[in-house]
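Biologist: Please take a close look at one loop and the backbone in it, then go on to the parts of the chain that follow. A connected account would suit me better than a list.

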Amino acid sequence: MANNQQHSRRAALRQQQELEQQRRRRNRVIGIGAGVIAVVLLVVIGIVAIPPLLDNRGVEVTKNQQTPPNATAEGGIMQDGKKRSDKVPNVIAYTDFMCPHCAEYEEAYGPAFAELVQQGKITLEHRTAYFMDGEKQAGPSNRAAIAAATADAFGKYREYADVLFKNQSSYYPEKDLRSTFAEQAGIKGEDLKKFQELYRTRAYKDFATKSHEAFMNSGATGTPTYVVNGKKLIFGDQATGQTLIAPDAKSILDAVTKAQNGVDDPTNGPIGEK
């Protein structure tokens with residue numbers, strides 16, 4: 001039974017990955033004339049083929065693997081350094097930096113979640129996956145996850161994650177991950193130099209793997225998935241298109257509180273529910 005469930009969940013993840021890749025392909029070809037499609041395809045093939053060869057250029061994975069200062073034992077990173085507490089609900093957010101839906105949810109719901117964290121009404125734990133990389137080694141999701149974990153060493157996890165989502169693409173250039181995004185997240189001066197060296201040596205590679213495995217073992221069928229007390233938050237009814245959780249602090253806190261207290265409600269359900 002367990003093997004069947006694992007197979008079903010992996011199939012669901014593959015389906016989400018394929019659908020989102022199809023969506024990106026559709027977006028790339030909109031507006032492109034038939035006469036230049038062949039040229040564009042050649043360029044895309046070159047872009048896809050060459051970057052992986054450069055991913056590991058200058059990279060020396062250190063044996064001195066580190067853990068982010070705001071990490072949890074399960075591979076998460078606590079937003080704003082707020083510690084989990086029995087007094088308030090803890091929301092676990094499973095995301096992938098290459099997942100378009102994650103970027104959409106972060107844009108819509110991120111500010112309200114941040115408000116609740118700042119007010120001390122919830123804690124928010126980020127567990128980052130990189131299943132969107134598929135079979136690629138050192139793919140963009142993986143490298144982005146490592147870079148974000150590295151940013152936490154400088155108190156800039158949330159800011160760096162925001163930059164990643166705002167600049168989401170099918171390939172995160174190393175220069176952007178190493179320098180541009182770090183600067184945009186507010187990592188400067190000597191801290192920037194330290195960040196670059198920690199990222200170059202992939203000092204948080206093992207932690208990123210641990211976070212990814214936490215997602216794979218969670219039972220979640222895709223990203224984003226927000227979990228409270230073992231219950232998945234359900235933001236909308238896919239059948240009717242009805243919004244169940246509005247992108248504001250009051251609506252989110254109401255849904256979180258119900259899940260935390262085990263209240264049966266349309267805004268929560270089993271973690272493996274699509």
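Modeller: Asp 80 sits in the loop that joins strand S1 (77-78) to S2. The model is a predicted one. Asp 80 is not a glycine, yet its phi is positive, about 60°. Most residues other than glycine have a negative phi, and most peptide bonds are trans. With a relative accessible area of 38%, Asp 80 is partly exposed.

A second residue of this kind is Arg 202, again not a glycine, with a positive phi of about 50°. Arg 202 belongs to the loop between helix H7 (189-200) and H8. Its relative accessible area is 4%, so Arg 202 is buried. The cut-off for buried is under 20%, and Asp 80, at 38%, therefore does not meet it.

Strand S2 (residues 90-96), at the other end of the loop that holds Asp 80, contains Thr 95. Thr 95 has a relative accessibility of 7% and therefore counts as buried. Leaving aside residues up to four places away in sequence, Thr 95 is in contact with Cys 102, Arg 127, Thr 128, Ala 129, Phe 165, Thr 223 and Pro 224.

Two of these contacts, Thr 223 and Pro 224, are joined by a cis peptide bond, with omega near 0°. Pro 224 is placed in the loop between helix H8 (205-216) and strand S4 (225-228).

Another contact of Thr 95, Cys 102, is among the buried residues of H3. The others buried in that helix are Pro 100, Ala 103, Tyr 109, Gly 110, Ala 112, Phe 113, Ala 114, Leu 116 and Val 117. Helix H3 (residues 100-118) has 19 residues, which at 1.5 Å a residue should span 27 Å; the C-alpha atoms at its ends are 26 Å apart, so the two values agree. H3 nevertheless bends by about 55° at Tyr 109, and a proline, Pro 111, follows within four residues. After H3 comes Gly 120, with a positive phi near 75°.

Further along is helix H4 (residues 140-152), where 13 residues at 1.5 Å each should span 18 Å; the end C-alpha atoms are 19 Å apart, which agrees. H4 is mostly covered, with 13 of its 13 residues buried. H4 packs against helix H5 (residues 157-166) at an angle of about 150°, and the two axes are 7 Å apart. An angle over 145 degrees counts as roughly antiparallel, and H4 and H5 are therefore roughly antiparallel to each other. From H4, the residues in the contact are Ala 144, Ala 147, Ala 148, Ala 149, Ala 151 and Asp 152; from H5 they are Tyr 157, Tyr 160 and Leu 164. By class, the residues of this contact are eight nonpolar, no polar and one charged.

Last, Thr 180 lies in helix H6 (residues 174-184). Its relative accessibility is 25%, so Thr 180 counts as partly exposed. The C-alpha atom of Thr 180 is 9.6 Å from that of Val 163, 17 residues away along the chain.

How values were computed
Residues numbered from 1 in each chain as written. Predicted model: local features only at pLDDT ≥ 70, side-chain atom pairs only at ≥ 80, totals over all residues. Heavy atoms only, no water. Helix = DSSP H or I, 4+ residues; strand = E, 2+ residues; numbered from the N terminus. Buried < 20%, exposed > 50% of the residue type's maximum accessible area, 1.4 Å probe, protein only. Contact = heavy atoms within 4.5 Å. Expected span 1.5 Å × (residues − 1). Axes fitted to C-alpha atoms, helices over the stretch in contact; angles between N-to-C directions. Parallel < 35°, antiparallel > 145°, perpendicular 65-115°, else oblique. Nonpolar A, V, L, I, M, F, W, Y, C, P; charged D, E, K, R; others polar. Bend = angle between axes of the 7 residues up to and from the residue.
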